[in-house]
Amino acid sequence: MFLVAFILWVVFNPVGLEKVANPEDTSYLPVPDWYFLFLYQLLKYFPGKYVVFGTVVIPAIATLGLFLLPWLDRRKARHPFKRPIATATMVLSVFFMIWLTYVAEEEHLTELAKQGPQAATPGSQAGGNAGPLVDPNDPGAQIFAQSCASCHGANLEGQVGPKLLGIGNQMNEAQLVEYINNPKPVAGYQSIMPPKGGLQSDDQVKQVAAWLAKQKQK
Ligand code: HEC
């Protein structure tokens with residue numbers, strides 16, 4: 001039952017993917033998923049050559065302890081209060097895991113806040129300032145001006161839709177075609193982009209995607 005409920009949950013609550021990985025984007029702050037945050041936080045307390053304590057030694061001791069438990073504690077008593085050492089160790093470990101997770105989350109939010117609200121929008125990750133449009137006479141550019149500019153701005157600067165300057169740094173042509181055909185929610189925007197961005201033919205989608213894919217910024 002748990003598995004079925006879990007599958008249904010995942011199917012009906014799809015997790016949005018982040019932007020396509022971009023090695024040139026130095027403002028990106030990577031963090032692990034929440035269930036690894038405590039390990040990630042642990043690493044921060046072991047700088048430089050001591051990192052091996054955070055990566056190997058402490059996790060190995062904890063895992064070995066769990067493995068060896070049947071040999072370490074051979075008493076018959078099973079009630080938690082009759083096994084004070086085991087119970088205290090577990091309570092403390094869980095407490096520290098929750099605490100480290102909390103601290104990691106707080107630190108991540110502080111770092112995000114330092115980057116300012118711009119950090120979440122696409123074009124800004126590509127380097128901030130409005131660069132020139134690439135290839136403004138491309139047929140894709142004309143389709144864009146007719147069908148997309150009302151929401152994304154004539155110079156890709158963004159309006160009710162997100163800024164698309166530098167979108168080529170984040171999506172390639174195939175990904176753009178896929179996105180335009182089936183727009184997915186972007187944080188901070190209302191999901192008003194119509195399928196195919198309002199275009200009629202796959203051919204037009206391809207042309208506009210090809211043009212957008214060229215919009216790279218340094
Ligand atoms: C009615 C307004 C509207 C029109 C028309 C529109 N868009 Fe959008 N677009 C949006 C909104 C709003 C979003 C943010 C996603 C969402 O919440 O739906 C978006 C998102 C996008 C994204 C993803 C941006 C990102 O950062 O991930 C791309 C690419 C895009 N649009 C391309 C296009 C193209 C190409 C066209 C024209 C063929 C178009 N859009 C037409 C409103 C529009």
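The mean pLDDT of the protein (the predictor's confidence in each residue, from 0 to 100) is 86, and 93% of the residues score at least 70. Over residues 118-129 the pLDDT is below 50, although this stretch has 29 contacts in the model beyond near neighbours in sequence; a contact is a pair of residues whose C-beta atoms, placed from the backbone, lie within 7 Å. Where pLDDT is low, the predicted coordinates should not be read in detail. The model is predicted, and local features need pLDDT of at least 70, side-chain atom pairs count only at pLDDT 80 or more, and totals for chains, interfaces and linings use all residues. Residues are numbered from 1 along each chain as its sequence is written.

The ligand is surrounded by 27 residues, each with its C-beta atom, placed from the backbone, within 6 Å of the ligand. Cys148, Cys151, Gly161, Met193 and Gly197 are the closest. This shell comprises 19 nonpolar, eight polar and no charged residues (Ala, Val, Leu, Ile, Met, Phe, Trp, Tyr, Cys and Pro count as nonpolar, Asp, Glu, Lys and Arg as charged, and the others, Gly among them, as polar). At least two shell residues come from each of helices H7 (149-152), H8 (173-181) and H9 (202-213), helices being DSSP runs (H or I, at least four residues) numbered from the N terminus.

The axes of H8 and H9, as lines fitted to C-alpha atoms over the stretch in contact, come within 8 Å and cross at roughly 130°. H8 is therefore oblique to H9, the class left for angles outside under 35 degrees (roughly parallel), over 145 (roughly antiparallel) and 65 to 115 (roughly perpendicular). Glu173, Leu176, Val177, Ile180 and Asn181 of H8 make the contact with Val205, Lys206, Ala209, Ala210, Leu212 and Ala213 of H9. By class, this contact has eight nonpolar, one polar and two charged residues.

Technical notes
Axes fitted to C-alpha atoms, helices over the stretch in contact; angles between N-to-C directions. Contact = placed C-beta atoms within 7 Å.
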